[in-house]
Amino acid sequence: MEPIWKCRYCGFESDLWSKYYWCCPRCSKPLDIIYKRKFEPETRVRGLRRYSSLLPFVPEKSLGEGNTPLINYRDGGREILFKLEYLNPSGSFKDRGSSLAIYYGFKMGYRGIVEDTSGNTGLSVTLYSSFYGLKSIIYMPRNAPLGKKVLIKALGGEIVEASSRYEASRIVLENIRDRFYVAHTWSYFYILGASTIAYEVYEEYGVPDLVIAPVGSGGLFLGLIRGFKNLYDLGVTRKIPRFIAVQGVSVHPLFKRMKGYSLEGDSSLADGIMVSNPPRLEEIYEELVSVKGDVVLVDNKDIINAMKDLYERGFIVEPTSATVWAGYKKIRRENLGESVLMPLTGSGLKTIDLIEKYLMAHGP
Ligand SMILES: Cc1ncc(COP(=O)(O)O)c(C=O)c1O
Ligand SMILES: [Zn+2]
């Protein structure tokens, strides 16, 4: 079966390689890609290309995305598995999705790329655009971390600054023209990319009891859940982990959907997960319920403390990535099982200004 676009809401279907749609042309909801899967990892190949039998296609070229280290750490009687996603080529897990999305855009004949982002996706998209000789224009909030902006420019990307993340998403729609709009908060490519994290963990370790992951637009979260579910459905594994989503207290649509109420507080340090209206919210909610999962909220104080812990242990992450450890600390006394997987999603090397401000503020 050739891969197709499919809308789970109105039934729209179209050949994947005939035309690109960033959302359903009939009902404007997010699209999925349907294709046949097998579990036959390529031998002697690392990274995404290892999982060609689990993906609709794999890029011909690689910058070394995926195949990130899995580091074990003992917390009492429990095994913590840190997946060092911040060691991807542009310093975040987004490279897995971008390598698929931008390769697809290149194959479809696009010459220009546009994207709206709070930072990491913009850098990742720009990196892969440059790799394929495409021009990227990135719409991002003015207050996005400086390191991310500098690197986007250094890689040949153009930045259009907006007053907020929301405003960036609004302006980009007026400027798509004949360019490839990545739309990562909608995109199935980013879910597919993140699912390869689950395949790598399974091959190296097996299936953990629990996964704790940050949720912004939910691409990472959906990819992890579906990755482990695919392995189960294909008869490769015999259990699906439980999942805990972590959101920031200032922007927490999934928490609100789960609990029916909101809380107040400041989590502005977690800029990567400040997505107020994720297009796939209902899917994330349904998946979370299906694995008997839950949502934990963290604030800036929790994030700073978690960053200190992670830096002490040698993990140079950005504030958004520290949310998983902050979330874990809130539930650590609960019965979480014996093994907990936490992806460390983004590199602190891009957020030096924030590290200086918050980790060095009270002296070493
Ligand atoms: C460092 C980091 N962690 C986590 C996330 C959340 O990922 P998602 O939007 O797929 O939920 C992001 C998103 O930008 C991010 O930059
Ligand atoms: Zn539709």
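# A tour from the ligand shell outward

By class, the shell around ligand 1 is made up of 5 nonpolar, 13 polar and 1 charged residues. Keep in mind throughout that the model on screen is a predicted one.

**Stop 1: ligand 1.** Select ligand 1 together with the 19 residues that surround it, and then highlight Gly216, Gly219, Gly272, Thr345 and Gly346, which are the closest of them. If you next display the secondary structure, the elements that give two or more residues to this shell are helix 2, helix 6 (residues 219-233) and helix 10 (residues 319-331). Which of the helices gives the most to the shell around ligand 1? Selecting helix 6 shows the answer, since helix 6 contributes 3 residues.

**Stop 2: the domains.** Now colour the chain by domain, with domain 1 covering 1-36, domain 2 formed from the two segments 70-91 and 187-359, and domain 3 covering 94-181. With these colours in place, return briefly to ligand 1, where the shell takes at least three residues from domain 2 and at least three from domain 3.

**Stop 3: where domain 2 touches domain 3.** The C-alpha centres of domain 2 and domain 3 are 24 Å apart, and across the boundary 21 residues of domain 2 are in contact with 21 residues of domain 3. On the domain 2 side, select helix 5 (188-204) and helix 11 (352-359), the elements that give two or more residues to the side touching domain 3. Helix 5 supplies the largest share of that side, 6 residues. Coloured by class, the domain 2 side of this contact divides into 8 nonpolar, 10 polar and 3 charged residues.

**Stop 4: helix 1 against helix 2.** Finally, select helix 1 (residues 94-107) and helix 2 (residues 120-131), which pack at an angle of about 45 degrees with their axes 9 Å apart. Are the two helices parallel or oblique to each other? At that angle, helix 1 and helix 2 are therefore oblique, and their crossing is right-handed. To see the contact itself, show the side chains of Lys94, Asp95, Ser98, Ser99 and Ile102 in helix 1, which meet Asn120, Thr121, Ser124, Val125, Tyr128 and Ser129 in helix 2. The residues of this contact divide into 3 nonpolar, 6 polar and 2 charged. Leaving helix 2 selected brings the tour back to its beginning, as helix 2 is also among the elements that give two or more residues to the shell around ligand 1.

Technical notes
Residues are numbered from 1 along each chain as its sequence is written. Chains are lettered from A and ligands numbered from 1 in the order in which they are written. This is a predicted model: local features need pLDDT of at least 70, side-chain atom pairs count only at pLDDT 80 or more; totals for chains, interfaces and linings use all residues. Axes are lines fitted to C-alpha atoms, for helices over the stretch in contact, and angles run from 0 to 180 degrees between N-to-C directions. Helices (H or I, at least four residues) and strands (E, at least two) are DSSP runs, numbered from the N terminus. Angles under 35 degrees count as roughly parallel, over 145 as roughly antiparallel, 65 to 115 as roughly perpendicular and the rest as oblique. A crossing is left-handed if the near helix is turned anticlockwise from the far one by less than a right angle, and right-handed if clockwise. Two residues are in contact if their C-beta atoms, placed from the backbone, lie within 7 Å. Ala, Val, Leu, Ile, Met, Phe, Trp, Tyr, Cys and Pro count as nonpolar, Asp, Glu, Lys and Arg as charged, and the others, Gly among them, as polar. Domain bounds come from an automatic or database domain assignment. A residue is near a molecule or strand if its C-beta atom, placed from the backbone, lies within 6 Å of it.
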